[in-house]
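These are my notebook entries on a structure I was asked to examine. I set down what I looked up, one topic at a time.

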Amino acid sequence: MRSLMSALVVSFALTFTAQADEHVSNFTLDNGMEVVVIEDTRAPVVVQMVWYKAGSADELPGASGVAHFLEHLLFKGTDTLAPGELSATVARNGGSDNAFTSYDYTAYFQRVAADRLELMMRMEADRMVNIRLSDDDILTERDVVIEERNQRTENDPGALFREQRRAAQYLNHRYGVPIIGWQNEMVSLDLDDALTYYRTNYAPNNAILVVAGDVRPDEVRALAETYYGAIPANPDLPERARPQEPRQMAERRLLMEDPRVAQPYISRSYLAPERDPGNQEKAAALTLLGELLGGSSTSVLNQRLQFDQKLVVQTGAWYSGTSVDDGTFNFFVVPAAGVTLQQAEDAMDAVLTEFLETGVDEAQLDRLKMQLRAARIYSSDDVSAIANRYGRALAVGLTVEDVQAWPDILEATTPKQIMQAAREVLVDSNSVTGWLTAPEVTQ
């Protein structure tokens with residue numbers, strides 16, 4: 001019976017792995033716009049995403065927040081669309097739309113019935129070049145993003161703490177500047193700032209079109225050539241050059257006190273190499289390292305600190321490396337009642353030291369790899385998730401082939417590679433350790 005069950009498990013995994021294979025086509029328009037088509041005919045739905053290879057890290061000094069500000073402004077009018085008409089049209093056709101800004105990219109998307117794709121392309125292509133803004137638009141939307149910062153950052157001590165820690169992590173790179181912008185710079189963003197960023201970065205040769213769902217590649221190509229292909233490339237598109245990090249030689253620590261903090265915690269980040277095109281092995285090792293150390297209830301930190309020693313109530317570890325430049329490897333621990341931050345940090349360090357000495361539990365690694373395979377299979381049921389996976393990767397310089405190779409690279413990663421990556425990255429001089437707590441009450 002056990003042999004039969006094992007055979008059924010293997011057959012089940014192979015069957016669903018085959019079903020998870022994605023039918024992906026990609027090509028480039030004459031004006032330089034990259035196009036990725038992901039076929040999924042299980043439902044008559046399509047997701048269109050346009051990713052610009054420009055985010056907050058590509059802003060000019062002194063104009064922090066302009067990338068996110070412009071994202072808001074693109075929902076204003078164009079030569080042919082009244083303010084708010086694009087989103088209203090999507091909703092009227094039974095769909096949904098939104099946008100988001102990161103350090104390395106800005107993306108706009110719609111999810112609609114498959115037979116509405118042409119309409120979505122026409123409107124999205126229109127706002128790539130024909131945005132029309134007034135001073136009133138600027139003032140109104142600037143107030144909106146300032147209020148967004150107030151609600152999401154200024155009113156949240158954890159968000160302020162993460163902002164300060166990230167600024168300490170990056171000594172020179174724009175990744176140390178918050179995506180939403182520094183408050184003192186946001187208040188002076190104006191029409192010239194927005195239009196300068198728009199005219200520099202919003203062009204077909206700086207964009208990726210991802211279409212996923214009930215579509216055919218030849219149909220998408222024809223529509224893309226009609227609507228996006230008619231837009232001329234920006235001949236003056238600048239090279240994506242950014243200030244780079246110097247060699248980091250000193251451990252950094254910060255203590256932030258805020259009376260609104262109900263649960264103190266410790267956070268630590270290490271500078272870590274990004275996931276590179278054609279060279280993803282180290283990123284795969286760091287991804288698995290994060291999962292092994294703090295990715296689930298069965299991870300090393302959680303088992304040792306929460307269940308065995310009962311010193312903490314929550315732990316976490318993860319690698320953030322799908323980026324153009326160096327990313328981070330991160331930890332956090334939340335002490336249990338009666339445990340000081342120093343005791344919790346010392347216990348975390350002891351577990352990490354022990355892990356570096358004893359190495360990877362191969363049985364745990366095998367279980368983890370199976371869980372990651374299952375998660376990828378389940379995510380294939382969501383065309384938005386698939387489109388996001390490809391768009392995010394291509395926006396930071398990876399290729400379709402890199403995305404498709406990633407699961408096999410994870411599967412082939414060895415304990416030796418994981419430990420080598422751990423010893424290279426978990427170095428004090430690359431780290432920032434922060435304590436977030438409430439001020440001590442004095443009698």
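The entries below cover a helix pair, a loop residue after it, the nonpolar cores and one further loop position.

**Entry 1. Status of the model.** I note at the outset that this is a predicted model.

**Entry 2. Helix H11 against helix H12.** I began with the packing of two helices, which is described by the angle between their axes and the distance between the axes. At what angle do the axes of H11 and H12 cross? For H11 (residues 300-308) and H12 (residues 341-358) I found a crossing at roughly 135 degrees, with the axes coming within 10 Å. I therefore recorded H11 and H12 as oblique to each other, since the roughly antiparallel class is reserved for angles over 145 degrees. The crossing of H11 past H12 is right-handed.

I then listed the residues in contact. On the H11 side they are Val300, Leu301, Arg304 and Leu305, and on the H12 side Ala347, Met348, Val351, Leu352, Glu354 and Phe355. Sorted by class, this contact has 8 nonpolar and 2 charged residues, and no polar ones.

**Entry 3. Burial of H11.** Which residues of H11 are buried? I found Val300, Leu301, Asn302 and Leu305. Their cover includes H12, together with helix H10 (281-294), helix H13 (362-379) and strands E9 and E10 (327-335).

**Entry 4. Lys310.** Following H11 I came to Lys310, in the loop that leads from H11 to strand E9 (312-320). Its phi is near 55 degrees, a positive value in a residue other than glycine. Is Lys310 buried or exposed? Its relative accessible area is 59%, and exposed means over 50%, so I entered Lys310 as exposed.

**Entry 5. Nonpolar cores.** I next looked up the largest nonpolar core, which has 53 residues. Met121, Leu209 and Tyr228 touch the most other members of this core. Helix H4 (residues 117-129) supplies the largest share, 6 residues. I followed Tyr228 further: leaving aside neighbours within four places in sequence, its contacts include Met121, Glu124, Ala125 and Met128, as well as Leu209 and Leu223. Leu29, Asn31, Met33, Gln48 and Val50 are also in contact with Tyr228. A second, separate core has 42 residues, among them Ile266, Phe331, Ala336 and Ala422.

**Entry 6. Arg116.** Lastly I located Arg116 in the loop between strand E5 (106-113) and H4. With 30% relative accessibility, Arg116 counts as partly exposed. I also checked Arg116 against Arg142, 26 residues apart along the chain, and found their C-alpha atoms separated by 32 Å.

Terms used. Residues are numbered from 1 along each chain as its sequence is written. This is a predicted model: local features need pLDDT of at least 70, side-chain atom pairs count only at pLDDT 80 or more; totals for chains, interfaces and linings use all residues. Side-chain values use heavy atoms; hydrogens and water are left out. Axes are lines fitted to C-alpha atoms, for helices over the stretch in contact, and angles run from 0 to 180 degrees between N-to-C directions. Helices (H or I, at least four residues) and strands (E, at least two) are DSSP runs, numbered from the N terminus. Angles under 35 degrees count as roughly parallel, over 145 as roughly antiparallel, 65 to 115 as roughly perpendicular and the rest as oblique. A crossing is left-handed if the near helix is turned anticlockwise from the far one by less than a right angle, and right-handed if clockwise. Contact means heavy atoms within 4.5 Å. Ala, Val, Leu, Ile, Met, Phe, Trp, Tyr, Cys and Pro count as nonpolar, Asp, Glu, Lys and Arg as charged, and the others, Gly among them, as polar. A nonpolar core is a set of buried Ala, Val, Leu, Ile, Met, Phe, Trp, Tyr and Cys residues joined through side-chain atoms within 4.5 Å. Buried means under 20% relative accessible area, exposed over 50%, partly exposed in between (1.4 Å probe, protein chains only).
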